[in-house]
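I opened the notebook to look up two things: the nonpolar core and the pockets. Entries are in the order in which I checked them.

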Amino acid sequence: MEIRIGYPCINWTIGCKADRTFRLKSYSEERLVKIVENNLDCLLEILRFNLRHSLLFFRITSDLVPFASHPVCQFNWQEHFTKQFKKIGDFIKTNDIRISMHPDQFILIDTVDDRVWEKSRRELVYHAQVLELMELDTSARIQLHVGGVYGDKKGSIKRFVERFQKLEDIVKRRLVIENDDKNYTLEDCLRISDEIGIPVLFDVFHHELNSSGETVPEAFQLFTETWKGKDGIPMVDYSSQKKGGTKSGHAVSIDLTHFKKLLAETEPFDFDVMLEIKDKEKSALKAVKAASQDYRFKKIAV
DNA sequence: TCACGTCAAGCAGAT
DNA sequence: ATCTGCTTGACGTGA
């Protein structure tokens, strides 16, 4: 029985960043090594902070190794940083921390452009390699949206399914698809999941903006079934709407009433929930407090 | 030292 | 045809 709470990529409390980068124009091996050293050190610092605060779910930034999948990068960063990756992986495994990664909007499996497909494939391999180097099991996942519609949803889904089969095994065994706010609903994702057998990550906020009308309990009944055995327990993305902002803008800080409602509605499911809130760990800490009464919440003896 | 234009990558919808 | 949101800061050039 467990719920783990997390936040994505960045921690504002501790004084380091795991997503430092530089300009492509100023690329050099020395530059890359220096930045990646910093990023890996900081990632471990963030995970230590998280552990102290019972935050046992974390999304690792895609910027951990800048330009890793870009042709400019001929450096064998995988070999050079093997020890550091393993050390972080050991920390994650020892403390039963859940990890996800989320390649950004340029990564498209269903694209109609072969060049975009090739670049996306490489970027997905990079993400998988990070998790492999940490020697994490397949409960550590890479989440991706289905992609563009290109004026033909059926055809785009078909292309997604066909392209998925061409992905490297290390990517295939970690990929999960997530419902988005405009194009692909939970229902679409479930249909794809049926065909290719990968889990569906449920985004509560996107579902509020774009769905076929399922209630949250109904949605949980459906998507949780796509997570089996070695996939780990289901993953959920959570946010609420930014007040006065654009429709799909994420809230600046957590709406605890809204969050508690989610906990109440989702009983008795176990899941790991990623809080996509602008103030990151600050709201995550509030959520930990709010969830600490919940029998499902995984507590850490500090 | 500081300001600010721009940063690897794409799609979709608005203007 | 061009701009903006997604997401947001911070890199790094030019003064």
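The entries below take the core, then the pockets.

Entry 1, status. I am working from a predicted model.

Entry 2, core. I looked up the largest nonpolar core and found that it holds 97 residues. I then asked which of its residues touch the most other members. These are Ile-5, Trp-77, Phe-85, Ile-99, Phe-259 and Leu-275. I note that helix H1, residues 29-52, gives this core its largest share, 12 residues.

Entry 3, Leu-275. I listed what Leu-275 touches, leaving out residues up to four places away in sequence. On the list are Ile-5, Gly-6, Tyr-7, Pro-8, Tyr-238, Ile-254, Phe-259, Ser-283, Ala-284 and Ala-287. Of these, I had already noted Ile-5 and Phe-259 among the core residues that touch the most other members.

Entry 4, largest pocket. I recorded a volume of about 860 Å³ for the largest pocket. Its lining has 31 residues, and Arg-59, His-102, Asp-104, Gln-105 and Glu-276 are the closest to the centre. I sorted the lining by class and got nine nonpolar, 11 polar and 11 charged residues. Strand S2 (57-60) supplies at least two of the lining residues, as does strand S4 (141-145).

Entry 5, second largest pocket. I recorded about 500 Å³ of space here. Of the 19 residues in the lining of the second largest pocket, Ser-69, Asp-104, Phe-106, Ile-107 and Glu-123 are the closest to its centre. By class I have nine nonpolar, five polar and five charged residues.

Entry 6, cross-check. Asp-104 is on my list of closest residues for the largest pocket and again for the second largest pocket.

Technical notes. Residues numbered from 1 in each chain as written. Chains lettered and ligands numbered in written order. Predicted model: local features only at pLDDT ≥ 70, side-chain atom pairs only at ≥ 80, totals over all residues. Heavy atoms only, no water. Core = buried A, V, L, I, M, F, W, Y, C linked by side-chain atoms within 4.5 Å. Buried < 20%, exposed > 50% of the residue type's maximum accessible area, 1.4 Å probe, protein only. Helix = DSSP H or I, 4+ residues; strand = E, 2+ residues; numbered from the N terminus. Contact = heavy atoms within 4.5 Å. 1 Å grid on protein atoms, 1.4 Å probe; cavity = no way out; pocket = protein on both sides within 12 Å on 5 of 7 lines; lining within 4 Å. Points joined across faces, edges and corners; volume = space filled by probe spheres on them. Nonpolar A, V, L, I, M, F, W, Y, C, P; charged D, E, K, R; others polar.
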